[in-house]
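Before accepting a label such as "buried" or "salt bridge", a careful reader may want to see how it was reached. Please look at the structure below with that in mind.

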Amino acid sequence: MNGADRMDQGGEHRAYIGSFTSGGGRGVTTAAVDPATGALTPLHVTATLADPSYLTLDADTGVLYAVSETEPGAVGAFRPTREGLTAHGGAVAVGGHGPTHLSVTGRRLLTANYTSGSVSSLPLGADGGIDGPASVLTHRGSGPDADRQEGPHAHQVLPDPGGRWVLSVDLGTDSVRVCALDPATGALRVHAKTALRSGTGPRHLAFHPGGAVVYVLHELEPQLTVCRWNPQSGQLEPVAEVPVAPAAAQEAVRAYPSAIVVSPDGRFLWAAVRGADAIATLSLADGAEKPRLTGTVGCGGRWPRDLATDSSGRRLYAANERSGDVTWFDVDPLTGQPRRAGSVPVPAASCVVLG
């Protein structure tokens, strides 16, 4: 999780790492974070949820939420303790298949359900427990890639910084939907739909700290779309496309970008690129709407599925799924280029959240 660092009850920094249990992962790993070096030391594994591939930490309650990327899909809640994590209630159905992402807005938990092409909204109790049933909004449409875009595939759902709107990114329909959340029922209603270039397969987006620019990373092509964001009208306007891999690298191997993060000070943007097994650095020195690719480095393993930065922006973490590790990097404060500093084995690692 990007944002202010949280600590466990003993005052120590923590990281939480999701994994695919179906691919040899052990569940959710709790690790200690060395504040001086950023190094991770695994402490505990929680194995009560199948395929907890994506996690999010609620800044208000301190509860950690995890998807269960299964069919049918579910979500689970956990309370961080000094020893690790304890289950906070049982798994709750999301009303969709294959949830790949989740986020919190107000007292609602949102999930993007990739396989069923839908987004779900679930009520949260005052103590952070998950209630049901889920309210489900199903996407419609398809794209030109017959293998990956035969129907809708919601891959991410995220509130905007002001908390008024919810944005859902759909790889299958080459679009981002802006939704309004009914405060009484928690139901999502499509307010606007932004079409992106056909066949690009949008996967994840990130907001610039200034709040007026959004970067949409595409999985089926190694590039991102820069969009203007109007929080008053809830409109997303594409303005430019920028590569996240050099031309020579694009010709050498098929690239599948996966995750995108912006530095807390808004000076840099990083993208994980699977296939190339690289982390791309883009400078925002020319303005938030003008990211410029300045270099790539190896991800420290294979198939980087997720990225996270600490609250200072001085360290970057990559969850490398196929090599089964989380690698951390020191970030050059002048150039934003990451330099590998260490790694820790985590089988089938899929997500890393800093707590």
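The questions and answers that follow set values of this predicted model against the cut-offs behind the labels.

Q: What makes the overall size of the protein agree with that of a compact globule?
A: For 355 residues, a compact globule would have a radius of gyration near 20 Å, and the protein has 19 Å, so the two agree. Along its principal axes the C-alpha trace spans about 45 × 45 × 35 Å, and buried residues make up 58% of the 355 residues.

Q: What is the protein built from, in terms of helices and strands?
A: The protein has 1 helix and 29 strands. Of the contacts between residues at least 6 apart in sequence, 47% join residues at least 24 apart.

Q: Why is the contact between Glu289 and Arg228 called a salt bridge?
A: The label asks for a side-chain nitrogen of Lys or Arg within 4 Å of a carboxyl oxygen of Asp or Glu, and here the N to O distance is 2.7 Å, so the pair meets the cut-off. Glu289 lies in the loop between strand S23 (278-283) and strand S24 (292-298), while Arg228 belongs to strand S19 (residues 223-230), and the pair therefore ties together parts that are 61 residues apart in sequence.

Q: How do you know whether Glu289 and Arg228 are buried, partly exposed or exposed?
A: A residue is buried under 20% relative accessible area and exposed over 50%, with partly exposed in between. Glu289 has 29% and Arg228 has 38%, so both are partly exposed.

Q: What makes Arg292 and Asp286 a salt bridge, and how accessible are these two residues?
A: Their side chains meet at 3.1 Å, N to O, which is within the 4 Å that the label requires. Arg292, at 39% relative accessibility, counts as partly exposed, and Asp286, at 46%, counts as partly exposed too.

Q: Why does the pair of Asp330 and Arg315 also count as a salt bridge?
A: The closest N and O atoms of Asp330 and Arg315 are 3.6 Å apart, and because the cut-off is 4 Å, the pair qualifies. Asp330 lies in strand S27 (residues 325-331) and Arg315 in strand S26 (residues 315-320), so this pair ties together parts that are 15 residues apart in sequence.

Q: Why is Arg315 called buried, when its partner Asp330 is called partly exposed?
A: Arg315 has a relative accessible area of 7%, which is under the 20% limit for buried residues. Asp330, at 22% relative accessibility, counts as partly exposed.

Q: How many salt bridges does this rule give, and which residues are linked in a network?
A: By this rule the count comes to 16 salt bridges. Arg148, Arg203, Glu219 and Arg274 are linked in a network of salt bridges.

Q: What makes S17 and S20 edge strands of the open sheet with the order S17-S18-S19-S20?
A: In this antiparallel sheet of 4 strands, strand S17 (202-207) and strand S20 (235-243) each have a single partner strand, so one side of each is left without a neighbour in the sheet. Neighbouring strands of this sheet are turned by 25° against each other on average, direction ignored.

Q: How do you know that S17 and S18 are paired?
A: Pairing needs at least two bridges, and 5 bridges join S17 to strand S18 (residues 213-218), so the antiparallel pair meets the requirement. As one example, Ala206 has Tyr215 in S18 as its bridge partner.

Definitions and conventions
Residues are numbered from 1 along each chain as its sequence is written. This is a predicted model: local features need pLDDT of at least 70, side-chain atom pairs count only at pLDDT 80 or more; totals for chains, interfaces and linings use all residues. Side-chain values use heavy atoms; hydrogens and water are left out. Helices (H or I, at least four residues) and strands (E, at least two) are DSSP runs, numbered from the N terminus. Buried means under 20% relative accessible area, exposed over 50%, partly exposed in between (1.4 Å probe, protein chains only). Axes are lines fitted to C-alpha atoms, for helices over the stretch in contact, and angles run from 0 to 180 degrees between N-to-C directions. The radius of gyration is taken over C-alpha atoms; the globule rule is 2.2 Å times the number of residues to the power 0.38. Contact means heavy atoms within 4.5 Å.
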